[in-house]
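Biologist: I should like a close look at a single part of this model. Please take one loop and describe what it contributes and what its neighbouring elements do.

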Amino acid sequence: MKTLIVYAHPEPRSLNGSLKDLAVSTLESAGHEVRMSDLYAMNWKAVVDAADYGPHASRPLKVARDSGRAFDAGTLAPDVLAEQEKLLWADTIIFQFPLWWYSMPAILKGWVDRVFTFHFAYGVGEHSDTQYGERFGEGTLTGRRALLSVTAGGPEPHYAARGINGPIEDLLFPIHHGILYYPGIEVLPPFVLYGTDRMTDGDYPDVANAWEQRLLTLESAEPIPFRRQNSGDYEIPSLHLKEGLEPAGRTGFGLHVRD
């Protein structure tokens, strides 16, 4: 297995840093290949701008169109091209980050904004009466799996169905479904650590053991069963879930997960 770890935390000695290091050692000891994108260490530029697209940047800048033209011509900024190459190399992508303000750190969102360009991660496939492009289970990054390894400062009950922060599945849905599944990546259930602001050194051995076990089952774990866009579950072109397919009483994001 070839694994890319995309790591977003500014402190190497943090819990996130320890989890990242443990992932590298565990996977390499199991015979897997590992590559790393340590965004803070790389001084990753998080902001999309015309420099990303070279001669294919228009005035005014049109991010989707210009990124697609630059991708097609091979003239994207070198750091973006390097990250795209890593994604194409990988079988599995692990994203290691803290949950900050209910989402990923800005530097990681900037990695997505710049790397997931038009024609590389979206904007492909035909549009017809039965298909609305290749996305949500189809697309350019199919055949890959992804896992979010996330640390949250709040206690686990705060992220439960009735918790004040909202269910963790809902908080991560925009990443799971909107960023990863959109271009065809299968998404594994996340590894989430709660109450990390109060975690002590004595808690770490249990955390490390749990993380090792997850890492060693990456290849066999079942992905979240999201509905494929063009599988017949959705009306085209409205992309509304067809009546009668939802489990009784289910609404919201959960509609897009099969039982």
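Modeller: Helices (H or I, at least four residues) and strands (E, at least two) are DSSP runs, numbered from the N terminus. In these terms, the loop that joins β3 (92-98) to α4 (106-115) holds Tyr102. This is a predicted model, in which local features need pLDDT of at least 70 and side-chain atom pairs pLDDT 80 or more, while totals for chains, interfaces and linings use all residues. Residues are numbered from 1 along each chain as its sequence is written, and side-chain values use heavy atoms, without hydrogens or water.

Tyr102 has a relative accessible area of 41%, so this residue is partly exposed (buried is under 20%, exposed over 50%, partly exposed in between; 1.4 Å probe, protein chains only). Together with Tyr40, Trp100 and Trp101, Tyr102 makes a nonpolar surface patch of about 520 Å² (nonpolar side chains joined within 5 Å, over 30% relative accessible area, no salt bridge, that is, no Lys or Arg side-chain nitrogen within 4 Å of an Asp or Glu carboxyl oxygen; areas by Shrake-Rupley, 1.4 Å probe).

The elements flanking the loop also take part in a cavity (points on a 1 Å grid where a 1.4 Å probe fits but cannot get out; lining residues have an atom within 4 Å of a point). The structure holds 1 cavity of 30 Å³ or more, and the largest has a volume of about 40 Å³ (the space filled by probe spheres set on the points). Its lining includes Phe95, Phe97, Met104, Leu108 and Val112. β3, α4 and α5 (168-181) each supply at least two lining residues, and α5 gives the largest share, 3 residues.

Notes:
Patches are made of residues with over 30% relative accessible area and no salt bridge: like charges are joined within 9 Å, nonpolar side chains (Val, Leu, Ile, Met, Phe, Trp, Tyr) within 5 Å. On a 1 Å grid over the protein atoms alone, a cavity is a set of points where a 1.4 Å probe fits but cannot get out, and a pocket is an open set with protein on both sides within 12 Å along at least five of seven lines; lining residues have an atom within 4 Å of a point.
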